[in-house]
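Q: Please take a close look at the enclosed space inside this model. Start with the chain as a whole, then work through the part itself and its surroundings.

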Amino acid sequence: MKKKHLNLICCAAVILILCMAVTPAAALTAQVTPPILPKGLPLSISGQTDNPGEVAVWIIGRTYQDRRVITTTDGTFTEELFPPETTSGLPRGQYFLIIEDTGPDGKFALDTVTDDDHTMVYYQDMPLFALDDPETVYSDTAMALSEVLDRPEVDDGATKMVFLVEEPWITIDQTPTGHPGDLLRFAGSTDLPPGHEISYVIYLASANPREGDEVAESGTVEVVKGGSHNYWYVDIDTGGLDSETYALTLNSGSTTATTTFTLYETGVTLPATPVITVETLQEETKVISSQPTEPELVNADTTDYGTIATTDELIYTTDDAVIWCSAIDGEYVTWAERTEDDETNIFLYHIPTGTTRTIVEGARYLTLMMDISGDHIAWKILRPDEHTAPFVIGLYTISTGSIEELPVDGGTIGQIVMDGDLIAFSGSDYKQSVKNTIFLYSIVNRTQQVLCKQSVYQIEPVIGEGYVAWRTTGEGYCDTITIYSLADHSQVTLTPPDGASYAHPSVGGGMVVASLYYKDAQTSGPYKVEIVATTLPGMEKTTLALPETPHRSPPHSNGDWIFWSERYTDSSSRVMVYDIKTGTIIGTIARSGGNLDIDSNHLISTDIDELRGGSSIWLTTLTGEEHSSPGKTTAESRAGVLPASIIGYGVMGAGIAATAVLWKRGNK
């Protein structure tokens, strides 16, 4: 008991010290390479600070804690944190990195002192908490460190990131057959980083090159950047090979993979190539829709559009849970995951401080759709007994930390979106016997209304800037987009040309943008996808001048730029950036993934590894000129919704964060 009280007294003293001075924080940027670390590869960190001297790197994992100091003579730094022999022995899982510079005063605000029992974290010679306390969850320790350093009264610059350690793996997903002289492409996936070299050898299946048998061919291939995982491929010229069965072995130095293939004599009909099927996650409740089918992919566009300046940050990752949905608004990112035990967790990430808050933990329901706007997060609650239980919207208020459930009156819940205090969602209206209409719910008034009462399906709503837009499924391949004004209740319908169909719309930056699919009369599949932008409130429709391609994801707009993703046959994909003023593609974003969402100068994407069940959330920041929506200054658009109460008590945050860790340990 005396020790616990002493710790709390020390933290109270720290609070008083922190309240005495407020100094601007230093500018500090850093990146870890690679962010997803296969064991046996080196881990490095690099960055830049406005305060040359030294940078401290805090490394915090479930069973590993350390603090390294790096010299930064000219303000830039590059350091190998772990050599390959060290990463080979690191436990799998998530690790936090917190980078701290000395600030203008040239001194670290935090330091460590190690005794026989623990490594204690000190603030200006005052003990805070044990860095390696086994009774404290490692993420809580990382959050306490981050919150201390990110307070405005601490002059040290700080930034936080995570990296994931996993076993290295290579899969061979494409094994062709052929005749001697054919050019065969072998391909697969891996968690090795882009640019990493993998060696390969080809030999007779009956031989063993390790025992000195002749190798038919050998070489190296480089890993190619992908989405949820990276890729490799190699084209083999079989002109020097005979009609035999061969083995192809890949070796990265830390893992191997082998397959066999057969070259048949000329004139022999080749067996059918097996179809590779990858299971993907599907919603448990499906909407009948004439959504265009997945188009055939084409070869990658070789045009060099240049790359938009960005920084990528891995803000969350998991080994055994799948992220179903995510959203971004202002300073906040939110997402929902489903664990292997069929439990739902919902999280909130604050971009300026790099801290993550758990909103819902271990809920026995599934969250398929969610959105964030202003001070609220709303999500669809799907319970196992949904067909008999009331349909409910979950609502979280950021400023108060409170959660409530909003029952839906006489309807179901499909897709859900929000803007300010308004929630729009699709669903069936039991009272009017209308299937899949669009509802509008007011958080302030707790009232609900139906925006359309047509007999066809109204799905995929979006809301913003005083408008609600949605897709209406027609007879056959001719889906339309409806744009509804909340001010005067007028509506405009975007009708596609013959042989075309609209897909999921989005609203932002003073316009509604949507994909327009064109159907091939012979194959019944799309042969090209265009993007149509409609201005608000003028309703002037423009089709973007773009190269022809059959696969473009639904676009998003921030007022200055329009973003979308394109995917190709070599398993690559690119996020394209279109400048509205010039009417041209001005570059690409190196990072790509699923579930894209944008806000001002941030973009989030989700990587899902279907084979292993893990997921990752990435935050991409446009580091060039910042862009904001019309009618808002950049400062306003980035200000977010940090409540005044939090700002008012911010001066005490560092001491409270440290006290929380000690209090949890003291009350075990």
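What percentage of the 668 residues of the protein chain count as buried? And which residues line the largest cavity?

A: This is a predicted model, in which local features need pLDDT of at least 70 and side-chain atom pairs need 80 or more, while totals for chains, interfaces and linings use all residues. Numbering starts from 1 along each chain as its sequence is written, and side-chain values use heavy atoms, without hydrogens or water.

Start with the whole chain. Of its 668 residues, 51% count as buried (buried is under 20% relative accessible area, exposed over 50%, partly exposed in between, with a 1.4 Å probe and protein chains only). The secondary structure comes to six helices and 46 strands (DSSP runs, H or I of at least four residues and E of at least two, numbered from the N terminus). Take the contacts between residues at least 6 apart in sequence: 53% of them join residues at least 24 apart (contact means heavy atoms within 4.5 Å).

Now the enclosed space. Two cavities of 30 Å³ or more are counted (a cavity is a set of points on a 1 Å grid over the protein atoms alone where a 1.4 Å probe fits but cannot get out; lining residues have an atom within 4 Å of a point). The largest has a volume of about 40 Å³, taken as the space filled by probe spheres set on the points. Its lining consists of F96, K160, M161, V162, E313, L314, I315, Y349, G354 and T356. Two elements give two or more residues to that lining: β11 (158–166) and β19 (310–318). K160, M161 and V162 fall in the β11 range, and E313, L314 and I315 in the β19 range. By class, the lining has six nonpolar, two polar and two charged residues (Ala, Val, Leu, Ile, Met, Phe, Trp, Tyr, Cys and Pro are nonpolar; Asp, Glu, Lys and Arg charged; the others, Gly among them, polar). The charged residues are K160 and E313. G354 and T356 are the polar ones.

T355 sits in sequence between those two polar lining residues. T355 belongs to strand β23 (residues 355–363). T355 counts as buried because its relative accessible area is 11%. Beyond its neighbours up to four places away in sequence, T355 touches M143, S146, E147, K160, L348, Y349 and H350. K160 and Y349 also appear in the cavity lining. The T355 side chain makes a polar contact of 2.8 Å with the side chain of T353 (N or O atoms within 3.5 Å, one able to donate a hydrogen and the other to accept it; residues adjacent in sequence count only through side-chain atoms).

β19 has a link to another strand. T621 lies in β46 (residues 615–622). Its contacts, leaving aside neighbours within four places, are A309, T310, T311, N601 and H602. T310 and T311 fall in the range of β19 (310–318). The side chains of T621 and H602 form a polar contact of 3.4 Å. T621 has 19% relative accessibility, so it counts as buried.

Next, the nonpolar packing. The largest nonpolar core has 40 residues (buried Ala, Val, Leu, Ile, Met, Phe, Trp, Tyr and Cys joined through side-chain atoms within 4.5 Å). V57, L97, I99, F163 and W232 have the most contacts inside this core. F163 falls within the range of β11 (158–166). W232 touches I170, T171, I172, F186, A187, G188, S189, T190, I198, V221, E222 and L250, again not counting residues up to four places away. Another core lies apart, with 23 residues, among them C325, A327, L382 and Y396.

Finally, some backbone and surface points elsewhere. T33 and P34 are joined by a cis peptide bond, omega about -5°. P34 lies in the loop between β1 (28–33) and β2 (36–38). The bond from L536 to P537 is also cis, with omega near 5°. P537 is in the loop between β38 (526–535) and β39 (541–543). R446, which is not glycine, has a positive phi near 55°. R446 lies in the loop between β30 (434–442) and β31 (447–450), and its 38% relative accessibility makes it partly exposed. P407 is in strand β27 (residues 402–407). P407 is exposed, at 53% relative accessible area. Outside four places in sequence, P407 touches F391, V392 and Y441.

Methods:
1 Å grid on protein atoms, 1.4 Å probe; cavity = no way out; pocket = protein on both sides within 12 Å on 5 of 7 lines; lining within 4 Å.
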